[in-house]
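This briefing describes one protein chain for a first-year reader. Look over the sequence and the fold before reading the points below.

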Amino acid sequence: MYEMHAGPDKSGGTLVWHVMAKQADLTLCGQKRFAGVEASDAQQAGHCTSCMALFTELMTSAQQ
């Protein structure tokens, strides 16, 4: 199972949603778990393209 967590992108500037396996310490793109992101800030956040690409691969390979 996977979860979405808001945090900075790889450059550390823009807030984006990352994908993490439940009870993991790293996002799919390799960043550490984030703490303390304000919900109001996360509402407008985009998605981490690296996490989303890896998640798509995982879901596609699971269906085969």
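How many helices and how many strands are there in the protein chain? The chain has two helices and three strands. The model is a predicted one, and the average pLDDT of the protein chain is 87.

**Fold and overall shape**
- From start to end of the sequence, the elements of the protein chain come in the pattern β-β-α-β-α.
- The radius of gyration of the protein chain is 12 Å, close to the 11 Å that the globule rule gives for 64 residues, so the chain is as compact as a globular protein of that length.
- The C-alpha trace spans about 40 × 20 × 20 Å along its principal axes.

**Packing and contacts**
- In the protein chain, 27% of the 64 residues count as buried.
- Taking contacts between residues at least 6 apart in sequence, 41% join residues at least 24 apart.

**Surface and charge**
- About 4500 Å² of the protein chain is exposed, and carbon and sulfur atoms supply 52% of that area.
- The side chains of the protein chain include 4 positive and 6 negative ones.
- The centres of these two charged sets lie 7 Å apart.

**Confidence**
- A pLDDT of at least 70 is reached by 97% of the residues.
- Which element has the lowest mean pLDDT, and which the highest? Helix 1 (residues 39–42) has the lowest, at 76, and strand 2 (residues 15–21) has the highest, at 93.

Methods
Residues are numbered from 1 along each chain as its sequence is written. This is a predicted model: local features need pLDDT of at least 70, side-chain atom pairs count only at pLDDT 80 or more; totals for chains, interfaces and linings use all residues. Side-chain values use heavy atoms; hydrogens and water are left out. Helices (H or I, at least four residues) and strands (E, at least two) are DSSP runs, numbered from the N terminus. The radius of gyration is taken over C-alpha atoms; the globule rule is 2.2 Å times the number of residues to the power 0.38. Buried means under 20% relative accessible area, exposed over 50%, partly exposed in between (1.4 Å probe, protein chains only). Contact means heavy atoms within 4.5 Å. Accessible areas come from the Shrake-Rupley method with a 1.4 Å probe; for residues, only the protein chains shown count as cover. Lys and Arg count as positive and Asp and Glu as negative; His and the chain ends are not counted. The place of a charge is taken as NZ of Lys, CZ of Arg, CG of Asp or CD of Glu. pLDDT is the predictor's confidence in each residue, from 0 to 100.
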